[in-house]
Structures are given as C-alpha cells and as structure tokens.
Amino acid sequence: MGKTTIKYGCSIVLAILFAIVCVLAQQIFAGETKEAAAEQKPLEKDLYDGNGLITGTELSDQVVYESDSIVCFEDRVLQKFRYDPENAKKVAAITEGILQTCPKLKHVYVLPVPHRIFLEEGFEGEKETYQTYLTQLTEELPEKAALVDVLPVLEEHREEYIFFRTEDSWTAKGACYGMEPLCERLGVNAFPLSRYEEYMYTSFTGALPLLEEFKKQVAGTLPADQTYYYLLPDSVDRVEVIRTDQEGKEVRYKKPLITASAGNTGAFIDSPFTRAIVEGKACAKKYQGRYVLVLCDERGKLLVPYLKDYYDGVYVVSVKEDPGLYEDLQAIVDAYHITEVVFAQGASEMGAAGYDLAFLRFYENEGGSPGTD
C-alpha cells in the first residue's frame, strides 16, 4: 500500500506540473501572437481613405484651372457635363429600335453613368443641367423602356471612393451602389457591399491629366488613383472576350473577368473589346437559364461583375466598338434566352455622335427589322 500511495502521489504531482507548464506556454504564445499582430503592417488597401488618397489627406478646395470642359484641382480633375437635347431623342430612338427588332424583350433599362462633378460643392448648376436631361430622357423613352437614375444613391455615399480623381468614371464601389436602383427595376434584392470581398492592386493615373489643356495649364502630377474590385466569395470569374484585330479578323480568348494587374477600367473584362460573354450564377430562380444583355461603354461595363451574380451569365456589347449588333441582336437574344437589356453609358456620351457605333442602324432605320433599309 505504501508503494502504491507514493506512485499515485507522484502521478498527481506530475499532472499538476504538466498543467502549469501548459498554462505558461499558452500565455507566452498568446503574448507573442499579440506582439506579432501589433507589429504587422496593415494591408495596402487599408492605407487609403474614401478619396483614394493616403488616410488623413484632405481633398484640395483650390481650383487651379478651369475651362468650358474641365475643372482642375491639385488632386483631381472634373469633367463638366454638356449634352445636346437631341441626345435624349436619339436614345429613345435606339431603345425603340431594339424593342421593335426583338419584340419578345420585356424591358430596356437606360442607365446614364453620372459624373463626379455632380457631387462636388460649388457646381450645383451642373447637377441641375443633368436633372433637366434626365427629365427629358424619361419623357422621350418608349413603352417597355425605363430610366434608372443612380445619382441619388451615389449622393448617399459621396464621402466614399465612388469616383476616380484622374479618370472620368465611377469606381467599382460606385458601380456596386448603382446596382441598388437597377436591382429594384429587375425585381431582385441587391447584394450589399458587405457581402463582397474587397481587393486592391494596381495604382494608375487616368486619361484626364493627359488632356492637352490640362498639361499646358497645370504643372506637376496628380496623386494616383487606386483600382479596387469586389467579388462574392466563390463567385464565377471567367469571361470570353471577342475583339477585332488590326487585320479585321475576329479574335476570341478566355480570361478572368477581372485582371488584377491592369489599372483603370481596363481591369474589368478587357480594353478594348467588341463583345464579351461572362459566366454567371443566377441568385433568383426566375433568372436561371437566362442571360442579361448589357450595352455599355468603359463606365457601364463596371456593372457586369455584379450582374453576373443575378443571372446565369451576361452578354456584353461595347456600344462604341461593335458595328454588327443590328444584324446579330435577334440571334443573341434567342441563343441566350434574354428578356432584359441594360443600356449603361457615360451621361455625356449617351446618344452623342461618335460614341454609338453599335446603334447607328437602329435609329437610322427608325426601329426597322434587321435587313430593312
């Protein structure tokens, strides 16, 4: 009995010592983890604030140059809004032509992408002009076509990075917010930004600082913009791009929908392109087995990475690059079971001559069927 008692006593002591060692080791490990976390540098994307500038940097309020077309600050360039009242009539003729060409289409949603200047203080007149344009556009649009006004929701997020500073375009975040009024029209619940994973890679300086009048009047360089993009976890990220090479031959290739190494709007789909077929995954039963047709420019195409999460896919046409839409529209609609069309283009270019190669035959023939003159 004495040996047994001693044996059990030693076991208890060893167990107690082992428990103490484990507790001490856990505390030491936890302390090292906290110390490592404190020393860990923040992700690069988290260094920037709502203006795409290093956190703590305030936007400049001093205009250094202004003309009839642009306003230049030390850290951004604003494009002024100009439009011809005939543009609204042309947009109406285009949508009427699309609907007459494909009678089975249910809706055409016309979505002008606003300019950053509409959200800037001191340029309220630009916004008033834009509202006049939207009113006229609403009155001109035919039955089965509807205007999607995204400016109100963008105003709610004006302190966020929803417009580039050196490129006349909204950012991927701005396009995500723009999906809210579009989804209301489509009859689906928009995914909130919080559902998406945020990525940031390439910095770039856009086209606005390259304008001749800017370079002549303003010295120095603007702070670079940042390319952010957003994807749902486990979402599809593939596209087949169709473009025309220098010899006029059609070229097709598949790639990721978003190219992380590219800056500017060229990170989305590609730039330039004629058409693109984007894989998707329908979130609503009514859109399973169906694609949505997006007629867009470089700004409007930023909606595509979000639209693919509502349909089985997105068929994309560059309105500036594609001369064959008139002949192919019915075949596209039939092959991809399309019932909705989204026409998304920069507000100044929508309906303007030189930016609508894909639509020439539609309004020239006043909505006639393909092949009629």
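This is a short dialogue on reading strands, salt bridges, burial and unusual backbone angles in a predicted model.

Reader: Let's start with strands. How do strand 8 and strand 9 pair, parallel or antiparallel?

Author: Antiparallel: strand 8 (residues 238–244) and strand 9 (residues 250–256) are joined over seven bridges. If you want one pair to look at, take Glu240, whose bridge partner in strand 9 is Lys254.

Reader: What happens in the hairpin of strand 8 and strand 9?

Author: There are five residues between the strands, and Gly248 takes a positive phi near 85°. In that neighbourhood you can also find a salt bridge: the side chains of Lys249 and Glu247 meet at 3.8 Å, N to O. Both Lys249 and Glu247 are exposed.

Reader: Which other strand pairs with strand 8?

Author: Strand 10 (residues 275–279), in the antiparallel sense over four bridges. Val239 has Val278 as its bridge partner in strand 10. From there you can keep walking: strand 10 also runs antiparallel to strand 12, with five bridges joining them. Ile277 stands opposite Tyr315 in strand 12.

Reader: And how does strand 11 pair with strand 12?

Author: In the parallel sense. Strand 11 (residues 291–296) and strand 12 share six bridges, and Val294 stands opposite Val316.

Reader: Is strand 12 largely enclosed or open, and why?

Author: Burial here means under 20% relative accessible area. Six of the six residues of strand 12 (residues 313–318) are buried, so the strand is largely enclosed by the rest of the structure. Look at both faces: Gly313, Tyr315 and Val317 point one way, Val314, Val316 and Ser318 point the other way, and all are buried.

Reader: Now salt bridges. What's the general idea, and how many does a search of the whole structure find?

Author: Side chains of opposite charge can pair when their charged atoms come close. In this model, the search finds 23 salt bridges. Try Glu126 and Arg82, whose side chains meet at 3.3 Å, N to O. Glu126 lies in helix 3 and Arg82 in the loop between strand 3 (77–79) and helix 2 (85–101), so this pair ties together parts that are 44 residues apart in sequence.

Reader: Are Glu126 and Arg82 buried or exposed?

Author: Glu126 is buried, with a relative accessible area of 10%, while Arg82 is partly exposed at 45%.

Reader: What about the salt bridge of Lys89 and Glu86?

Author: Those side chains meet at 3.6 Å, N to O. Lys89 and Glu86 are three residues apart in helix 2, which means about one helical turn separates them. Lys89 is partly exposed, with a relative accessible area of 41%, and Glu86 is partly exposed too, with 45%.

Reader: Which residues are linked in a network of salt bridges?

Author: Asp75, Arg76, Arg116 and Glu120.

Reader: And which residues form a negative surface patch?

Author: Glu121, Glu124, Glu128 and Glu159. Take Glu128 as your example. It's found in helix 3 (residues 124–140) and counts as exposed because its relative accessibility is 55%, where the cut-off is over 50%.

Reader: Next, backbone angles. What should I expect before I go hunting for odd ones?

Author: Most residues other than glycine have a negative phi, and most peptide bonds are trans. Now the exceptions. Lys144 has a positive phi of about 75° although it is not a glycine. You'll find Lys144 in the loop between helix 3 and strand 5 (145–147), partly exposed at 34% relative accessibility. His337 also has a positive phi, of about 50°, and is not a glycine. His337 sits in the loop between helix 8 (325–335) and strand 13 (340–346).

Reader: Where is there a cis peptide bond?

Author: From Ser271 to Pro272, with omega near -5°. Pro272 lies in the loop between strand 9 and strand 10.

Reader: Last one: what separation do the C-alpha atoms of Arg361 and Ile94 have?

Author: They are separated by 8.9 Å, with their positions 267 residues apart along the chain. Arg361 is in helix 9 (residues 360–364) and counts as partly exposed, at 26% relative accessibility.

How values were computed: Residues are numbered from 1 along each chain as its sequence is written. This is a predicted model: local features need pLDDT of at least 70, side-chain atom pairs count only at pLDDT 80 or more; totals for chains, interfaces and linings use all residues. Side-chain values use heavy atoms; hydrogens and water are left out. Patches are made of residues with over 30% relative accessible area and no salt bridge: like charges are joined within 9 Å, nonpolar side chains (Val, Leu, Ile, Met, Phe, Trp, Tyr) within 5 Å. Accessible areas come from the Shrake-Rupley method with a 1.4 Å probe; for residues, only the protein chains shown count as cover. A salt bridge is a side-chain nitrogen of Lys or Arg within 4 Å of a carboxyl oxygen of Asp or Glu. Lys and Arg count as positive and Asp and Glu as negative; His and the chain ends are not counted. The place of a charge is taken as NZ of Lys, CZ of Arg, CG of Asp or CD of Glu. Helices (H or I, at least four residues) and strands (E, at least two) are DSSP runs, numbered from the N terminus. Buried means under 20% relative accessible area, exposed over 50%, partly exposed in between (1.4 Å probe, protein chains only). Two strands pair if DSSP finds at least two bridges between them.
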